[in-house]
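I set out to make brief notes on this structure. Each entry below records what I looked up and what I found.

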Amino acid sequence: MKQLICEMCGSADLIKQDGVFVCQTCGCKYSVEEARKMMIEGTVSIDGVVKTKNDDFEVRAGELIAYHGAETDVVIPDGIKILGKECFAGMQGIESIVIPEGVYKIEIGAFYQCSRLRKIDIPKSLVEIENGVFALCAALAEIELPNGINFLGHNRLKGYSGRIEIRHYGCFWGCSSLESINLPDSLNMIGDYCFNGCNSLRSINLPDSIQTIGEHCSSGCTSLKSIKLPDGIQTLERGCFCNCIFS
């Protein structure tokens, strides 16, 4: 029988309170059944879909730093608030990801070059998506963005240090299978190169809240035939619709 270890932070300091086991380090709670599985198998079943090994997720103070598993379909555990920079970058075996409620920020390049990623569930709690998050996710055909997101990517990422200069990539740069996207009413800015190279993209709905469309935002979207600009638009940066063949 294995020791009871918190799946989120690795602490062994769990105390039973009010019928559940509570980690005294990070506050995560486990039912008696989950705790029994942890002690016998070393795993916890999440939503009956995926068994997550103790060392699959590297978490620090609520931020997912890295994923060390090899699952095709990944369910990120509850309690995480931020998906850190490049935490899944280059993992070409991943086909679907479920992000739990409570995550409010996805940092630069989190899913960069996950080339087989086809499906991702985005929580309503999300408000911020940084540059290059889905860049080169070539199999991603659709995505539902929740209301509450203010901008897609931005150009003020100073002091960035990573394996690749992903800060120069737009949020959906090179998503060649993406055909359409509905943008939330809360959105006021689309960052530079956001949809650059999305050559299957046929339609983008621009909500009235949009004020700024960034440089080369839709450059190379050769399947985009028309787009309606909202009345409140204030800034169209250079080349934002370059090489779009409007009919």
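**Entry 1: a pair of parallel strands.** I began with Ile 106, which stands opposite Ile 129 in strand S13. Ile 106 belongs to the match between strand S11 (residues 105-106) and strand S13 (residues 128-129), where I found two bridges and a parallel course. I note that the model is a predicted one.

**Entry 2: the sheet around that pair.** I then followed the sheet outward from S11 and S13. Nine strands form an open sheet, and I recorded the order S6-S7-S9-S11-S13-S14-S16-S18-S19, with mixed pairing. Strand S6 (57-60) and strand S19 (235-236) each have a single partner strand, so one side of each has no neighbour in the sheet.

**Entry 3: the sheet of three strands.** I looked up a further open sheet, which has three strands in the order S1-S2-S3 and antiparallel pairing. S1 and strand S3 (29-30) are at its edges with a single partner strand each, so one side of each is left without a neighbour in the sheet. Between strand S1 (residues 14-17) and strand S2 (residues 20-23) I found four antiparallel bridges. Lys 16 has Phe 21 in S2 as its bridge partner. The hairpin of S1 and S2 has two residues between the strands, and Asp 18 in this hairpin takes a positive phi near 55°. S2 and S3 are joined by two bridges, also in the antiparallel sense. Here Val 22 stands opposite Lys 29 in S3.

**Entry 4: the chain as a whole.** I took the totals next. The chain has one helix and 19 strands. It has 247 residues, of which 47% count as buried. Its accessible surface comes to about 11800 Å², and carbon and sulfur atoms account for 46% of that. Of the contacts between residues at least 6 apart in sequence, 32% join residues at least 24 apart.

**Entry 5: the nonpolar cores.** Which residues have the most contacts inside the largest nonpolar core? I found Phe 88, Phe 111, Phe 134, Leu 152, Phe 172 and Phe 195, in a core of 53 residues. S6 and S7 each supply at least two residues of this core. A second, separate core has eight residues, including Leu 4, Cys 6, Phe 21 and Cys 28. As general background, nonpolar side chains in soluble globular proteins tend to be buried together. I also listed the surroundings of Leu 152: setting aside residues up to four places away in sequence, Leu 152 touches, among others, Ile 129, Leu 145, Cys 171, Phe 172, Met 189 and Phe 195.

**Entry 6: the aromatic pairs.** I counted eight aromatic pairs. In one of them, Phe 57 and Tyr 67 have ring centres 5.0 Å apart and planes at 45°; planes from 30 to 60 degrees apart count as tilted, so this pair is tilted. Phe 57 lies in strand S6 and Tyr 67 in strand S7 (residues 63-67), so the pair ties together parts that are 10 residues apart in sequence. Phe 57 and Tyr 67 are both buried. I then took Phe 134 and Phe 172, an aromatic pair that is stacked, with 5.3 Å from centre to centre and 10° between the planes. Phe 134 is in the loop between S13 and strand S14 (151-152), and Phe 172 is in the loop between S14 and strand S15 (180-182), 38 residues apart. Phe 134 and Phe 172 are also buried. Ring pairs join Phe 57, Tyr 67, Phe 88, Phe 111, Phe 134, Phe 172 and Phe 195 into a cluster.

**Entry 7: two loop residues.** Is Asn 196 buried or exposed? I found a relative accessible area of 13%; under 20% counts as buried, so Asn 196 is buried. Asn 196 lies in the loop between strand S16 (189-190) and strand S17 (203-205). Its side chain makes a polar contact of 3.0 Å with the side chain of Trp 173. Leaving aside neighbours within four places in sequence, the contacts of Asn 196 include Phe 172, Trp 173, His 216 and Cys 217.

I looked up Asp 208 last, in the loop between S17 and strand S18 (212-213). Asp 208 has 67% relative accessibility and counts as exposed. The C-alpha atoms of Asp 208 and Leu 187 are 8.8 Å apart in space, with their positions 21 residues apart in sequence counted as separation.

Terms used:
Residues are numbered from 1 along each chain as its sequence is written. This is a predicted model: local features need pLDDT of at least 70, side-chain atom pairs count only at pLDDT 80 or more; totals for chains, interfaces and linings use all residues. Side-chain values use heavy atoms; hydrogens and water are left out. Two strands pair if DSSP finds at least two bridges between them. Rings of Phe, Tyr and Trp (its six-membered ring) pair if their centres lie within 6.5 Å; planes under 30 degrees apart count as stacked, over 60 as edge-to-face and the rest as tilted. Buried means under 20% relative accessible area, exposed over 50%, partly exposed in between (1.4 Å probe, protein chains only). Contact means heavy atoms within 4.5 Å. Accessible areas come from the Shrake-Rupley method with a 1.4 Å probe; for residues, only the protein chains shown count as cover. A nonpolar core is a set of buried Ala, Val, Leu, Ile, Met, Phe, Trp, Tyr and Cys residues joined through side-chain atoms within 4.5 Å. A polar contact is a pair of N or O atoms within 3.5 Å; within protein, one must be able to donate a hydrogen and the other to accept it, and residues adjacent in sequence count only if both atoms are side-chain atoms.
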